[in-house]
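The following explanation leads the reader through a single protein chain, from its interior outward to its strands and cross-links. Please keep the sequence and the model in view while reading.

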Amino acid sequence: FLLLPFSTLAEVYSCQYNELGFSKIITFDRVTHSHFKICDSEICDKNRYEVMFADEKNLIFGNIVLKEQTVSETFQLVIIDKITNLFTATKISLPNSNINNEFIKGECVLN
């Protein structure tokens with residue numbers, strides 16, 4: 001069998017964006033070969049976001065966001081341009097939700 005070093009999965013994007021005139025940091029941390037976790041202001045949500053597409057230029061991952069174990073209100077999608085180090089993230093309200101859609105964008109550093 002083949003052992004892969006942990007560093008092969010280590011992929012953390014620290015991204016900065018503006019919200020209401022304040023600079024904020026969000027991190028996207030690869031936790032498995034095909035999943036990321038998202039931490040906003042050092043608070044990580046419990047959801048895991050599946051990689052939908054990845055190549056040398058782009059990384060796209062997302063998932064339905066579970067508020068509770070069976071209750072979902074939004075779908076979150078993240079797109080990172082690996083060439084320009086820019087990102088876009090959006091939360092899209094599901095049809096049964098009264099949550100407003102959210103959209104952020106900014107610049108990332110790969111750690």
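In this predicted model, the largest nonpolar core comprises 18 residues. Those with the most contacts inside the core are Tyr13, Ile26, Phe28, Phe61, Ile80 and Phe87. At least two residues of this core come from each of the strands β1, β2, β3, β5 (49-54), β6, β7, β8 and β9. Ile26 may serve as an entry point. Leaving aside neighbours within four places in sequence, Ile26 is in contact with Tyr13, Ser14, Cys15, Tyr17, Ile38, Cys39, Asp40, Phe87 and Ile104. Two of the residues in this list, Tyr13 and Phe87, are also among those with the most contacts inside the core.

The strand pairings may be followed from the N-terminal side. Strand β1 runs antiparallel to strand β2 (residues 22-32), and eight bridges join the two. Within this pairing, Ser14 has Thr27 of β2 as its bridge partner. The hairpin of β1 and β2 has two residues between the strands, and Leu20 there takes a positive phi near 55°. Strand β2 also pairs with strand β3 (residues 35-40), again in an antiparallel arrangement, through six bridges. Here Asp29 is matched with Lys37 of β3. These strands, β2 and β3, likewise form a hairpin, with two residues between them.

A further set of pairings involves β6, β7 and β8. Strand β6 (residues 58-66) and strand β7 (residues 72-81) run antiparallel and are joined by nine bridges. Val65 finds its bridge partner in Thr74 of β7. Strand β7 is in turn joined to β8 by eight bridges, the two strands running antiparallel. In this pairing, Gln76 stands opposite Lys91 of β8. The hairpin of β7 and β8 has four residues between the strands, and Asn85 in the turn has a positive phi of about 60°.

Thr90 offers a closer view of strand β8 (residues 86-93), in which this threonine is found. Is Thr90 buried or exposed? Its relative accessible area is 18%, and because buried means under 20%, Thr90 counts as buried. Not counting residues up to four places away in sequence, Thr90 touches Phe75, Gln76, Leu77, Glu102 and Phe103. With Glu102 there is also a polar approach: a polar atom of the Thr90 side chain lies 2.8 Å from the backbone oxygen of Glu102.

The covalent cross-links come next. How many disulfides does the model contain? The count comes to two. One of them joins Cys15 to Cys108, with an S to S distance of 2.0 Å. This pair links distant parts of the chain, since Cys15 lies in strand β1 (residues 12-19) and Cys108 in strand β9 (residues 102-110), 93 residues apart. The torsion about their S-S bond is about 100°, so the disulfide of Cys15 and Cys108 is right-handed. Both ends are buried: Cys15 has a relative accessible area of 0%, and Cys108 has one of 4%.

The other disulfide is formed by Cys39 and Cys44, whose sulfur atoms are 1.8 Å apart. This link is right-handed as well, with 95° about the S-S bond. Its two ends differ in exposure: Cys39 is buried, with a relative accessible area of 7%, whereas Cys44, at 36% relative accessibility, counts as partly exposed. When the bonded cysteines are counted along the chain, the disulfides follow the pattern 1-4, 2-3.

Charged side chains provide the final set of links, with a count of two salt bridges. In one, the side chains of Glu11 and Arg30 meet at 2.6 Å, N to O. This pair links distant parts of the chain, with Glu11 in the segment before β1 and Arg30 in strand β2, 19 residues apart. Both Glu11 and Arg30 are buried. In the other, Lys24 forms a salt bridge with Glu19, and their closest N and O atoms are 2.9 Å apart. Lys24 counts as partly exposed at 26% relative accessibility, and Glu19 counts as partly exposed at 33%. The two salt bridges thus contrast in their setting, because Glu11 and Arg30 are buried, whereas Lys24 and Glu19 are partly exposed.

Methods. Residues are numbered from 1 along each chain as its sequence is written. This is a predicted model: local features need pLDDT of at least 70, side-chain atom pairs count only at pLDDT 80 or more; totals for chains, interfaces and linings use all residues. Side-chain values use heavy atoms; hydrogens and water are left out. Buried means under 20% relative accessible area, exposed over 50%, partly exposed in between (1.4 Å probe, protein chains only). A polar contact is a pair of N or O atoms within 3.5 Å; within protein, one must be able to donate a hydrogen and the other to accept it, and residues adjacent in sequence count only if both atoms are side-chain atoms. Contact means heavy atoms within 4.5 Å. A disulfide is a pair of cysteine sulfur atoms within 2.5 Å. Two strands pair if DSSP finds at least two bridges between them. A nonpolar core is a set of buried Ala, Val, Leu, Ile, Met, Phe, Trp, Tyr and Cys residues joined through side-chain atoms within 4.5 Å. A salt bridge is a side-chain nitrogen of Lys or Arg within 4 Å of a carboxyl oxygen of Asp or Glu.
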